[in-house]
Amino acid sequence: MPKAIRVHEYGGPEVMRYEEVEVGAPGPGRIRVRQTAIGVNFIDIYFRSGLYKAPQLPFTPGNEGAGEVVAVGEGVSGIAVGDRVAYGSASGTYAEEVVIEARMAVTIPEGVDDATAAAMMLKGLTAQYLLRRTYPVKAGDTILFHAAAGGVGLIATQWAKHLGATVIGTVGSPDKAELARQNGCDHVILYRDEDFAARVKEITGGEGCAVVYDGVGQATYPASLDCLRPFGMFVSFGNASGVITDFNLGLLGQKGSLYATRPTLFTHVGDRPTLEAMAEDLFGVVKSGAVTIPVHSRAKLADAAQVHRDLAGRQTTGATVMLP
């Protein structure tokens, strides 16, 4: 019987158990996938801890993965048994085999391996909607990306540089600063040691940035707003340091008639043609070599608890994949 990680109660990494599970035949509109690689993301921690609620307990965490289709339910078109597929917004992917909605999966093009595909779907599609759909970055823009050495950050900063932007990144350590520089950042700020808003003003000659991409949350608000030019856009897409609970709409007016948005990947990919277009854009920049997907650590599925400890402790850079 295949194995999976199961969470029976919300809590720390220790609540994840590695157990045998029943994986049924795929129903209408669904596919069964034997996974070869599983992506790991901060959102998995939010679900495990109970910050985000699963539909029921127990549940298997995980949204991202890649593998080979072993069965196809009725009504599925465009995906066949034997195809290599990847997905970034499925559910229950911390497993050897998984049944998912076919509309969440895209076929992996030749020249992209499974580990790279598993590592880039959620993070890469997030970078895609941030840079290409939320605020379309163009040549000449100056942007600020928080946690530039993280999984989304390393993809987004390379991509933004490719689009012709001047990229400012914040990171938490000198090692991460070096990594951020190697991946598209023109300027790197150590946010633990420096006042990042003051440094941004200095770097931009007092003008500020067109957009701030903030996946950190509580720790960088409201200082992120001070990094923007008039009519600039604050994009809050995650809360690695905690949720922003006291967002003050009035500050947007005081600080330059700013825009603020809180997008999610799930809304963007809820529409199948949009998901396909986003994936095509992402695979295109990866295959062209403009963006390299940094898979910096690989672990066994059975070691998911330690993987979560490392991620939550900010011990990781780039992407982590688990191998069933």
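A residue counts as exposed when its relative accessible area is over 50%. In this predicted model, E110 has a relative accessible area of 66%, so E110 is exposed. E110 sits in the loop between β7 (105-107) and α2. Its C-alpha atom is separated by 23 Å from that of G151, a residue 41 positions away along the chain.

G151 is also where helix α3 begins, since α3 spans residues 151-162. This helix lies across β8 and β9 (166-171), and its direction makes about 175° with that of β8.

Both of these strands belong to an open sheet of six strands, ordered β10-β9-β8-β11-β12-β13 and paired in parallel. The edges are formed by β10 (187-190) and β13 (259-261); each has a single partner strand, so one side of each is left without a neighbour in the sheet. On average, neighbouring strands are turned by 15° against each other, direction ignored. Within the sheet, β11 (residues 209-214) and β12 (residues 228-236) pair in the parallel sense over five bridges. Y213 stands opposite V235 of β12.

Helix α2 also packs on this sheet, where it touches β8 (142-145), β11, β12 and β13. The direction of α2 makes about 150° with that of β12.

Besides the sheet, α2 (residues 114-134) meets another helix, α8 (residues 272-287): their axes come within 9 Å and cross at roughly 100°. Angles of 65 to 115 degrees count as roughly perpendicular, and α2 is therefore roughly perpendicular to α8. On the α2 side, the contact is made by M120, M121, G124, L125, Q128, Y129, R132 and R133. On the α8 side, the residues are T274, L275, M278, A279, D281, L282, F283 and V286. By class, this contact of α2 with α8 has ten nonpolar, three polar and three charged residues.

A further helix pair is formed by α1 (residues 42-49) and α9 (residues 304-312), which pack at an angle of about 110° with their axes 10 Å apart. The two helices are therefore roughly perpendicular to each other, and their crossing is left-handed. In this contact, F42, D44, I45 and R48 of α1 meet H308, L311 and A312 of α9. By class, the contact of α1 with α9 has four nonpolar, one polar and two charged residues.

Terms used: Residues are numbered from 1 along each chain as its sequence is written. This is a predicted model: local features need pLDDT of at least 70, side-chain atom pairs count only at pLDDT 80 or more; totals for chains, interfaces and linings use all residues. Side-chain values use heavy atoms; hydrogens and water are left out. Axes are lines fitted to C-alpha atoms, for helices over the stretch in contact, and angles run from 0 to 180 degrees between N-to-C directions. Helices (H or I, at least four residues) and strands (E, at least two) are DSSP runs, numbered from the N terminus. Angles under 35 degrees count as roughly parallel, over 145 as roughly antiparallel, 65 to 115 as roughly perpendicular and the rest as oblique. Contact means heavy atoms within 4.5 Å. Ala, Val, Leu, Ile, Met, Phe, Trp, Tyr, Cys and Pro count as nonpolar, Asp, Glu, Lys and Arg as charged, and the others, Gly among them, as polar. Two strands pair if DSSP finds at least two bridges between them. Buried means under 20% relative accessible area, exposed over 50%, partly exposed in between (1.4 Å probe, protein chains only). A crossing is left-handed if the near helix is turned anticlockwise from the far one by less than a right angle, and right-handed if clockwise.
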